Amino acid sequence: MKSNINKSTVNLLTTVAGVVLTTGLTVDGSANPVQAAQFNYSYSGEGIEASGVLTTTNSSDANGYLTITGIKGQRNGETITALLPPGSFPIAAPNDNLFSPTKPFLNFNGFSYLVGAKSENVFYFEDKGRYGETDDPNIATNPANARLLNKFNVQAVSEPSNVGGLIVVLLGGIWLLKKKSATSAKHELAEKAGFY
């Protein structure tokens, strides 16, 4: 009897953990389907330090790109205030806000954001094999105004709702196993004492 209870409890925990990992679960137990992905980013170049979090769609297009839908962070100590919509940074190849989770993370169009009242466009120079940044909307006619970056790093952010939900489920399961184990032990003692 004891092994059947433990086996069924383990099966229940495995099923619940699978649900948590596939649909997401908040700590309060409500469903939270994953609708977006987040990536920590940082980049630097001469006189440039920027870092923060990019929020993207969770599904990619036919070329494997996700669409950046939000940005938080700082550039040279100033707060980034908004992501600019696709096509709003007027250069020869306007920003498309596309992001790849693998290198190179950006294309030549890149993504654009506001820091204070100033627009910045971050992109990838395929022919130079490096990332760049510009605030010049006429970069096509003034390529010298592009600032080449020395570093551009990206790392996926783990989803805290899934991790938190899984921890709650596992702690609950451990408690349940201990409770059932204690109940089984009481039944065994009662049986030996002749109460059954």
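Read along the sequence, this protein runs α-β-β-β-β-β-β-β-β-β-α, which gives two helices and nine strands in total. I should say at the outset that what we are looking at is a predicted model, and the values I quote are computed from it.

Let me start with the chain as a whole. Of its 196 residues, 34% are buried, and the exposed surface comes to about 11500 Å², with carbon and sulfur atoms supplying 57% of that area. If we take the contacts with a sequence separation of 6 or more, 47% of them are between residues 24 or more positions apart.

Next, the aromatic residues. The structure holds twelve aromatic pairs, and ring pairs join Phe39, Tyr41, Tyr43, Phe99, Phe105, Phe111, Tyr113, Tyr124, Tyr131 and Phe152 into a cluster. There is also a charge placed over a ring, in that Lys128 lies over the face of Phe125, at 5.7 Å from the ring centre.

Two members of that aromatic cluster, Tyr43 and Tyr113, come back when we turn to Arg75, a residue of strand β3, which spans residues 66–75. Is Arg75 buried or exposed? Its relative accessibility is 9%, and because the limit for calling a residue buried is under 20%, Arg75 counts as buried. Setting aside neighbours within four places in sequence, Arg75 is in contact with the aromatic residues Tyr43 and Tyr113, with Ile48, Ala50, Ile80 and Val115, with Glu49, Glu120 and Glu133, and with another arginine, Arg147.

I would now like to go through some points of backbone geometry. Directly after strand β3, in the loop that leads to β4 (78–83), we find Asn76, whose phi is near 50°, a positive value in a residue other than glycine. A second asparagine, Asn97, sits in the loop between β4 and β5, and Asn97 likewise has a positive phi, of about 55°, although it is not a glycine.

How, then, do these asparagines stand with respect to solvent accessibility? Asn76 has a relative accessible area of 38% and is therefore partly exposed, whereas Asn97, with a relative accessible area of 1%, is buried.

The last backbone point concerns the loop between β5 (98–99) and β6 (111–115), where Pro104 is found. The peptide bond joining Lys103 and Pro104 is cis, with an omega of about -15°.

Note on methods
Residues are numbered from 1 along each chain as its sequence is written. This is a predicted model: local features need pLDDT of at least 70, side-chain atom pairs count only at pLDDT 80 or more; totals for chains, interfaces and linings use all residues. Side-chain values use heavy atoms; hydrogens and water are left out. Helices (H or I, at least four residues) and strands (E, at least two) are DSSP runs, numbered from the N terminus. Buried means under 20% relative accessible area, exposed over 50%, partly exposed in between (1.4 Å probe, protein chains only). Contact means heavy atoms within 4.5 Å. Accessible areas come from the Shrake-Rupley method with a 1.4 Å probe; for residues, only the protein chains shown count as cover. Rings of Phe, Tyr and Trp (its six-membered ring) pair if their centres lie within 6.5 Å; planes under 30 degrees apart count as stacked, over 60 as edge-to-face and the rest as tilted. A charge sits over a ring if NZ of Lys or CZ of Arg is within 6 Å of the ring centre and within 35 degrees of the ring normal.
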